[in-house]
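Some short comments on the model follow, for whoever takes up the file next. They deal with one strand and its neighbour, then with contacts that involve aromatic rings.

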Amino acid sequence: MTYTDNNATTRVADEVLEAMLPFFSEKYGNPASMYLFAQESKHPIDAARKQVADFLNAGSTEAIIFTSCGTESNNTAIFGALAALPGKNHFITTAVEHPSVLNLAKELEKRGYSTTILPVDNKGLISLDVLRDSITENTALVSIMWANNETGVISPLEEACAICHEKGVLFHTDAVQSAGKIPIDVQKADVDLLSISGHKIHAPKGIGALYVKSGTRMKPLLIGGHHENGRRAGTQNVQGIVGLGKACELASIFIEDEVTRVKELRDKLESGLLKRIPKSHVNGSIENRIPNTTNITFEFIEGEAMLLSMSDFGICASSGSACTSGSLEPSHVLLAMGVPHSLAHGAVRFSLSRYNTEEDIDYIIEKLPGVIERLREMSPFG
Ligand code: PLP
């Protein structure tokens with residue numbers, strides 16, 4: 001198999017699996033219990049919190065809340081921050097967010113909030129002037145993703161955050177796709193809230209984390225026991241937390257590989273395909289992208305048909321976000337960038353990881369031109 005769908009999910013790193021295994025069997029104590037056996041589960045949670053805090057340069061472990069996924073981190077950040085600011089009811093986000101933010105904005109409207117969805121240009125970038133003009137006295141929170149899952153485009157994050165803070169508005173970022181791909185320093189970026197997800201950085205599915213800057217007022221999303229310092233009720237997922245900690249430690253080491261070798265592989269794949277396949281082009285800003293992602297439109301074909309044909313060769317990629325695949329609607333991200341429906345339908349996302357090799361890239365470059373040629377012959381528009 002040639003796996004190039006790492007923005008959908010990643011394989012669990014061997015080191016991560018190894019770190020997790022004891023917590024499924026011999027070390028199964030509930031970390032909330034008092035006896036010594038249970039404390040064997042508690043100390044690794046403390047260590048993992050430190051690993052995540054170091055990875056984000058959070059300064060303090062108290063800033064890290066473990067959640068069940070990126071979606072929960074986003075929901076906790078947005079619902080939690082808004083609930084703590086009952087006097088303000090305006091929320092701002094962008095048109096290219098993941099559904100865990102964009103559909104939440106729709107839900108907020110139903111609950112009486114007013115929302116502003118910032119447009120993006122044809123490169124997938126928001127305008128900082130439009131952001132500045134959209135903030136009102138009633139704005140409680142702005143949420144802007146750090147890197148886009150479909151195009152890989154990186155937002156002007158520090159500038160956006162500074163504008164919000166100038167106006168006394170809280171700033172959240174969904175960093176699920178930037179974590180492990182570009183360096184993240186929450187203190188330098190000065191964000192108030194930041195979400196990450198384990199399964200995008202070689203930890204398992206079902207674990208995530210939320211960074212909350214010290215002093216940021218938040219109401220919990222899940223109400224129950226006093227876990228996570230009363231900020232997220234529910235017995236802690238010890239093995240998942242240990243896995244996320246290890247994955248963060250590894251990600252800090254592998255970031256160098258990501259921004260050099262993985263980027264070179266991505267660039268080779270992209271230029272190889274564009275050269276061999278006529279009427280193909282990259283979607284989104286070429287300069288402002290995470291190093292592992294390319295989103296390419298092949299004109300006159302359907303992305304879904306292409307994915308199936310590629311699958312016959314064992315090649316895994318995506319025609320949009322995993323969450324929206326199965327729907328025949330083209331990607332909301334590409335449509336927001338002004339890509340016409342017909343071209344958005346022909347878009348395919350390749351996303352690499354530290355496990356991809358030169359052979360993977362050569363194989364895709366060898367097989368894809370034939371796949372596209374056959375599909376175009378069958379297409380009524382070809
Ligand atoms: N945010 C972004 C940008 C994503 O790409 C994803 C997953 O695809 C999520 C949030 C949701 O993360 P999770 O799958 O852990 O809920």
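1. Which residue in E12 is the bridge partner of Thr293? In this predicted model, Thr293 is bridged to Ser351 of E12. The strands concerned are E10, residues 293–298, and E12; they run antiparallel and are joined by five bridges.

2. Strand E12 covers residues 347–351, and five of its five residues are buried. The burial applies to both faces: Ala347, Arg349 and Ser351 lie on one side, with Val348 and Phe350 on the other. In a regular strand, side chains alternate between the two faces of the sheet. Ser351, the partner of Thr293, is thus listed among the buried residues of E12.

3. The count of aromatic pairs comes to one. The pair is formed by Tyr28 and Phe37, with ring centres 5.0 Å apart. Their planes stand at 75°, which is over the 60 degrees required, so the pair is edge-to-face.

4. Are the two residues of that pair buried or exposed? Tyr28 has 59% relative accessibility and counts as exposed, because the cut-off is over 50%. Phe37, at 30%, counts as partly exposed.

5. Two arginines have their charged ends over aromatic rings. For Arg11 the ring is that of Tyr355, with the charged end 4.4 Å from the ring centre. For Arg354 the ring belongs to Phe254, and the distance to its centre is 4.2 Å.

Note on methods. Residues numbered from 1 in each chain as written. Predicted model: local features only at pLDDT ≥ 70, side-chain atom pairs only at ≥ 80, totals over all residues. Heavy atoms only, no water. Buried < 20%, exposed > 50% of the residue type's maximum accessible area, 1.4 Å probe, protein only. Helix = DSSP H or I, 4+ residues; strand = E, 2+ residues; numbered from the N terminus. Pairing = 2+ DSSP bridges. Phe/Tyr/Trp six-rings, centres within 6.5 Å; stacked < 30°, edge-to-face > 60°. Lys NZ or Arg CZ within 6 Å of the ring centre and 35° of its normal.
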